[in-house]
Amino acid sequence: MPELPEVEVVRAGLAPAVIGARVVAVTAHDARALTRHDGDSAAFEAALTGRTFEAAARRGKFLWLPLRDFATTPQALIAHLGMSGQFLLRPGGAPIERHERIRIDIAHPAHGEVAIVFSDQRTFGSLALDALVPTMDGAPGGWGTDAAVTPSQVAHIARDPLDAAFSDTRTIAAMRAKRSAVKRVLLDQAVVSGVGNIYADEALWAARIHPETAASALSPEVAARLLDEVRAVLNRALAEGGTSFDAQYVNVNGQAGYFAHSLNAYGRAGEPCHRCGTPIRRIVIGGRSSHFCPRCQRKR
DNA sequence: CCCATCCCCTGTATGC
DNA sequence: TGCATACAGGGGATGG
């Protein structure tokens, strides 16, 4: 479940099940789900078995579960869901899922035996064990953790707009330093994280900005308004459990979110704009489809 | 730095 | 009906 709201739904679902739980067994069915891991499947299984999860954290679209220290370098199990990754919580011994890639059997002091199933149709998602490194700004690494660390693979990812330590001022400056189309800049996880193709289109529609506008051409005020709309749409989607078009995008219990009903631009090519009735247009920017209202979102 | 292109995969919808 | 093609919410690598 790719974008921030969907990933946060997963993080929040995992947290109560995994915090304080000990890994009893790990089964990596498919090595493609370990492309981020430095080592083979056997090494991953061995390194994770016996460890205890201490938290469930997230920054942007990255998730990580910090592991209780073994008096070595602090580590976390890191996950990126890619396009179609899912974490499903199942009873211990539950049958294998259709696109199951990795299974982590845990024992929780209160909930007993649970299987964490990482399932992924398109295999762009992956898990890894990664070292935790200090954050640049000394603030907590992300949602769900007080520790000022992130996995090394997350160090280059900007804070997301729902992060308490997110800086509007710095993000606006970073956006305006780019001459690329604002749509591309919203998708650049090193500038602002957590925004994907759906919510970029929705925020631009709400802010009435044409997606091909150069980010550098936005005034500080307009950039600030765009950022406010990004935050607003992420919060609304989160409140509705995320956006689900099909069975790929579900929470840890396999349930879909409701935000698809609230979309104003994404996937609505040819349908009337909810503000002015003009048909929504679809163009390609940076190889990704972009949906906008040609009347409300003028290029200036 | 910026940009376009390609890659990793599987499944579904669409057009011929 | 079969077959080819386009497209899908991600990110990273590469070459110009």
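**Two DNA strands and an open sheet**

In this predicted model, a polar side-chain atom of His-80 sits 3.5 Å from a phosphate oxygen of DNA strand C. Such a pair of N or O atoms within 3.5 Å is a polar contact (within protein, one atom must be able to donate a hydrogen and the other to accept it, and residues adjacent in sequence count only if both atoms are side-chain atoms). As for the bookkeeping, residues are numbered from 1 along each chain as its sequence is written, while chains are lettered from A and ligands numbered from 1 in the order in which they are written. Local features need pLDDT of at least 70, side-chain atom pairs count only at pLDDT 80 or more, and totals for chains, interfaces and linings use all residues, with side-chain values based on heavy atoms and with hydrogens and water left out.

DNA strand C has 21 residues around it, and Lys-61, Thr-243, Tyr-249, Tyr-266 and Arg-288 come nearest; a residue is near a strand or molecule if one of its heavy atoms lies within 4 Å of it. Sugar and phosphate make up 50% of the atoms of strand C that come within 4 Å of the protein. The side chain of Tyr-249 places an N or O atom 3.1 Å from a base nitrogen of DNA strand C, and the side chain of Ser-289 has one 2.8 Å from a phosphate oxygen of that strand. Helix α5 (197-207) and strand β11 (288-292) each give at least two residues to this surface. Helices (H or I, at least four residues) and strands (E, at least two) are DSSP runs, numbered from the N terminus. The class tally here is seven nonpolar, eight polar and six charged residues, where Ala, Val, Leu, Ile, Met, Phe, Trp, Tyr, Cys and Pro count as nonpolar, Asp, Glu, Lys and Arg as charged, and the others, Gly among them, as polar.

Now for DNA strand B. Among the residues around it are Arg-32, Arg-98, Thr-123, Phe-124 and Arg-184. Sugar and phosphate account for 67% of the strand B atoms that come within 4 Å of the protein. Lys-178 has a polar side-chain atom 2.8 Å from a phosphate oxygen of DNA strand B, whereas Arg-122 has one 3.3 Å from a base oxygen. Thr-123 also turns up with a positive phi of about 55 degrees, though it is not a glycine; it is found in the loop between β7 and β8 (126-134).

Away from the DNA, four strands make an open sheet in the order β1-β6-β7-β5, with antiparallel pairing; strands pair if DSSP finds at least two bridges between them. Strands β1 (22-28) and β5 (85-91) are at the edges with a single partner each, so one side of each has no neighbour in the sheet. Strands β6 (residues 100-108) and β7 (residues 112-120) pair over eight bridges, one of which joins His-108 to Gly-112. Helix α1 (residues 4-18) packs on the sheet and touches β5, β6 and β7 (contact means heavy atoms within 4.5 Å), its direction making about 35 degrees with that of β5. Axes here are lines fitted to C-alpha atoms, for helices over the stretch in contact, with angles from 0 to 180 degrees between N-to-C directions.

The structure holds two aromatic pairs. In one of them, Phe-87 and Phe-118 are tilted, 5.3 Å centre to centre with 55 degrees between the planes. Rings of Phe, Tyr and Trp (its six-membered ring) pair if their centres lie within 6.5 Å; planes under 30 degrees apart count as stacked, over 60 as edge-to-face and the rest as tilted.
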